[in-house]
Amino acid sequence: MAKDAIYEGTREVRTFVDLADGADVLIMKTEQEEKGSYYTTMSALLLTAFTFEAYLNHLGDKTISFWEEIEPIKVMDKYSVLCKALNICPDFSKRPYQTLKALFKFRNAIAHGKSQILQETKEVSSLDEPHQHSPKAHWEEFSVLENAKRAREDVAQIITELHKTAHLGDFPFSHGVSVGSLSAKTPN
């Protein structure tokens with residue numbers, strides 16, 4: 001096909017929106033077929049954690065003049081900076097805020113994974129399959145649909161609160177604007 005035109009365009013890529021959409025898809029797939037969905041649930045939780053951090057970077061860049069200098073700090077420290085700047089006082093003893101600590105404990109355990117030996121002794125039925133009683137790391141126990149749904153809901157609520165408080169509108173989860181045009185290519 002002949003290249004007879006010039007495309008010029010601009011598009012804002014809002015990474016946090018795609019990450020949130022991805023978490024939603026994985027949660028939906030898990031709801032449709034819970035059996036064997038350990039990895040989709042784990043992935044939904046990770047994408048939700050990534051959604052939160054990506055949104056903080058999105059908002060920080062728009063509201064804090066020195067954001068680029070502090071962008072490498074820990075996620076919860078970023079959240080603290082933005083809360084102070086926007087005069088938000090999260091109560092970490094309640095939802096939705098308490099979910100952040102559990103979500104990022106999970107995320108950090110995965111991101112900074114270490115091998116470990118787990119041991120457990122407990123009374124069980126002799127009719128049970130032995131593998132269903134294998135000891136599990138905290139992050140393995142956390143990888144359940146209920147936690148993925150709660151994290152997704154709570155993170156969306158916190159992002160919406162930040163977005164509204166920053167006067168950026170009521171709907172943070174919309175894709176960025178894309179504008180483009182084609183013009184005829186002039187002959188050499």
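D154 touches R95, P96 and T99, leaving aside residues up to four places away in sequence; contact here means heavy atoms within 4.5 Å. This is a predicted model, in which local features need pLDDT of at least 70, side-chain atom pairs count only at pLDDT 80 or more, and totals for chains, interfaces and linings use all residues. Residues are numbered from 1 along each chain as its sequence is written, and side-chain values use heavy atoms, with hydrogens and water left out. With that in hand, here is a tour by topic.

**Around D154 and helix α7**

- D154 has its place in helix α7, where helices (H or I, at least four residues) and strands (E, at least two) are DSSP runs numbered from the N terminus.
- At 1% relative accessibility, D154 counts as buried; buried means under 20% relative accessible area, exposed over 50%, and partly exposed in between, with a 1.4 Å probe and protein chains only.
- Two of the contacts of D154, R95 and P96, are joined by a cis peptide bond with omega near 5 degrees.
- P96 itself is found in the loop between α4 and α5.
- Helix α7 has 21 residues and reaches 30 Å from its first C-alpha to its last, close to the 30 Å expected at 1.5 Å a residue; the expected span is 1.5 Å times one less than the number of residues.
- The buried residues of α7 include L145, N147, R152, D154, I158, L162 and H163.
- Those buried residues pack against α1, α2, α4, α5 and α6 (138-142).

**The nonpolar core**

- A nonpolar core is a set of buried Ala, Val, Leu, Ile, Met, Phe, Trp, Tyr and Cys residues joined through side-chain atoms within 4.5 Å.
- The largest one has 38 residues, and F52, Y79 and L162 touch the most other members.
- Two or more residues each come from α1 (15-32), α2 (38-63), α3 (67-70), α4 (75-86), α5 (97-111) and α7 (145-165).
- The most generous contributor is α2, with 10 residues.
- L162 touches Y55, L56, L59, Y79, L86 and I88, not counting residues up to four places away in sequence.
- In soluble globular proteins, nonpolar side chains tend to be buried together.

**Helix α1**

- The 18 residues of α1 should span 26 Å at 1.5 Å a residue, and its end C-alpha atoms are indeed 26 Å apart.
- Its buried residues are F16, V17, L19, A20, A23, L26, I27 and T30.
- What covers these buried residues of α1 includes α2 and α7.

**Rings and charges**

- There are eight aromatic pairs in the structure; rings of Phe, Tyr and Trp (its six-membered ring) pair if their centres lie within 6.5 Å, and planes under 30 degrees apart count as stacked, over 60 as edge-to-face and the rest as tilted.
- The F52 and F104 rings have centres 5.9 Å apart and planes at 55 degrees, so they form a tilted pair.
- Because F52 lies in helix α2 and F104 in helix α5, this pair ties together parts that are 52 residues apart in sequence.
- F52 is buried at a relative accessible area of 0%, and F104 also counts as buried, at 5%.
- The rings of F92 and Y97 make an edge-to-face pair, because their centres are 6.4 Å apart and their planes are at 70 degrees.
- F92 is partly exposed at 30%, whereas Y97 counts as buried at 13% relative accessibility.
- Ring pairs link F52, Y79, F92, Y97 and F104 into a cluster.
- The charged end of K101 sits over the ring of F92, 5.1 Å from its centre; this needs NZ of Lys or CZ of Arg within 6 Å of the ring centre and within 35 degrees of the ring normal.
- K101 is found in helix α5 and counts as exposed at 51% relative accessibility.
- R152 lies over the face of F173, at 5.2 Å from the ring centre.

**Strands and loops**

- Strand β1 (residues 5-11) lies largely in the open, because the number buried among its seven residues is zero.
- Seven bridges join β1 to strand β2 (residues 178-184), and the two run antiparallel; strands pair if DSSP finds at least two bridges between them.
- One bridge partner in β2 is A184, which pairs with A5.
- N87, in the loop between α4 and α5, has a positive phi near 60 degrees and counts as exposed at 67% relative accessibility.
- H167, in the loop between α7 and β2, has a positive phi near 60 degrees too and counts as exposed at 73% relative accessibility.
- Most residues other than glycine have a negative phi, and most peptide bonds are trans.
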